[in-house]
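Colleague: Got a minute? I'd like to go through the empty space and the packing in this one.

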Amino acid sequence: MLIGPFAQILPMSGLPLKGALQDEQLPVIPDAGVLIADGKIREIGDYKTLAHQFPDEEKLFIDEPMVLLPGFIDCHTHICYGGTRNRDYAMRIAGKSYLEIARAGGGIWDSVTKTRIADTVTLTEGVVARAERHLREGVTTIEVKSGYGLDMANEIKMLQAIRQAGQHTAATLVPTCLAAHMKPRDYEGTEEAYLNWILQELQPVLKAEQLTNRVDIFIEETAFSVPAAATFLKQAMQQGFAATVHADQFSAGGATVAVEAGALSADHLEASTDKEIALLAKSDTVAVVLPGASLGLGMHYAPARKLLNAGACVAIASDWNPGSAPMGDLLIQAAVMSAAEKLSTAEVLSALTFRAAPALQLQHAGQLATGFIADMQAYPTNDYRDILYYQGKMKPAMVWKKGETIR
């Protein structure tokens, strides 16, 4: 199928994976079309030229000005959960601290309690609903974490719900086991014993049932210590699991562990110092910043500008979760952060597409180029700069997943 003409196509190809970008570096193809075959991109170029070269191909004519981009990749979400944490949020904006909220029965453990009560059908329906909203908003690939189960039955239940949800949405769901979210309150052993339980008891089941090949751990004073996390990551990766890390959200240290372990990504980074920024820039670990958490918690953003200037690969993800980042609107979050951190349009769009792909080990995703998956979105404008100018309120008018029209 030949789709077009588009006022502009931004293929997001030919750009460096790391470091700062200027808008002048963005390749922009005017009056363009894209030829799709078997769910992949076959050709991109001038629409009239393509129409002449492929006169017999089926055509989808775009009769109003549109800008075409790759589908967004959200490489960090927690969209599998039960209940809400609206009480937490009300307490937070009324001035209560994280510790005060936790002592009042809120925090992560509140979501654990509600998720344990929810059955697989309920969790699956919740994931599907959130994934479908993301898909309508141009997010075609979504990482989804467990981590609100924190025991064998409920972690397995969450990952099974994520797998089942993937059969009911066109979005690609990438599951990650976050059993190392916190040491559960009903576990009587040490943090080392709990992490060893994940390694020795839970992960073999994940592998046997092919539920996920990815693990995550939250390194923080209220979660897991640097030494325990370093040992856990080393052993998990020896078992064949890819790793990502919740790092430097409230205190530094996690990003160093992530880099030294060779983790795919270090996510959050609000507390990263120049030391961690330099380490990330010299590594292949993707620096994933989460503006939704900063907005939800009322705290400063991760130092995205400094990370880019240092030469890091920076991705932007939503952190969509019931506690600290309930909004879940990736584009609004990225647009608002860009104004605060002074990120160029090229840097933001890269962070939402091809620079997020390696955090999920995705091949042929995040770009519009020959042989790449035809995950695409089109915005109702003739100038790509409008997308961030309207701070996320301009949504895609059309979305394609593997070349199939979603909306």
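Modeller: Sure, we can take cavities, then the pocket, then the cores. Keep in mind that this is a predicted model.

Colleague: How many cavities of 30 Å³ or more does a search of the whole structure find?

Modeller: The search gives 5. The largest has a volume of about 210 Å³.

Colleague: Which residues lie nearest the centre of that largest cavity?

Modeller: I108, H181, Q249, N321 and S324. The full lining of the largest cavity has 16 residues.

Colleague: And how does the lining of the largest cavity divide by class?

Modeller: There are 6 nonpolar, 7 polar and 3 charged residues.

Colleague: OK, next one down. How much space lies in the second largest cavity?

Modeller: About 50 Å³. Its lining is R85, D88, R92, Y98, I101, A102 and G107. By class, that lining has 3 nonpolar, 1 polar and 3 charged residues.

Colleague: Which helices each supply at least two residues of that lining?

Modeller: α2, residues 86–93, and α3, residues 98–103. The largest share is from α3, with 3 residues.

Colleague: Switching to pockets. What volume does the largest pocket have?

Modeller: About 180 Å³. The pocket is lined by 13 residues, and Y98, A102, M182, R185 and T222 are the closest to its centre.

Colleague: Which element gives the largest share of the pocket lining?

Modeller: α3 again, with 3 residues. Both α3 and α4 (108–117) supply at least two residues each. Y98 and A102 line the second largest cavity too.

Colleague: What classes make up the pocket lining?

Modeller: The pocket lining has 8 nonpolar, 4 polar and 1 charged residues.

Colleague: Now packing. How many residues has the largest nonpolar core?

Modeller: That core has 99 residues. Helix α7, residues 191–208, contributes the largest share, 7 residues. Apart from this core lies another, of 16 residues, including F6, A32, M376 and M398.

Colleague: Back to the largest core. Which residues have the most contacts inside it?

Modeller: I198, I217, F232, L269, L307 and I316.

Colleague: Take I316. What does I316 touch, leaving out residues up to four places away in sequence?

Modeller: I73, V289, P291, L330, A334, L343, V348, A351 and L352.

Colleague: Any general background on why such residues group like that?

Modeller: Nonpolar side chains tend to be buried together in soluble globular proteins.

Notes: Residues numbered from 1 in each chain as written. Predicted model: local features only at pLDDT ≥ 70, side-chain atom pairs only at ≥ 80, totals over all residues. Heavy atoms only, no water. 1 Å grid on protein atoms, 1.4 Å probe; cavity = no way out; pocket = protein on both sides within 12 Å on 5 of 7 lines; lining within 4 Å. Points joined across faces, edges and corners; volume = space filled by probe spheres on them. Nonpolar A, V, L, I, M, F, W, Y, C, P; charged D, E, K, R; others polar. Helix = DSSP H or I, 4+ residues; strand = E, 2+ residues; numbered from the N terminus. Core = buried A, V, L, I, M, F, W, Y, C linked by side-chain atoms within 4.5 Å. Buried < 20%, exposed > 50% of the residue type's maximum accessible area, 1.4 Å probe, protein only. Contact = heavy atoms within 4.5 Å.
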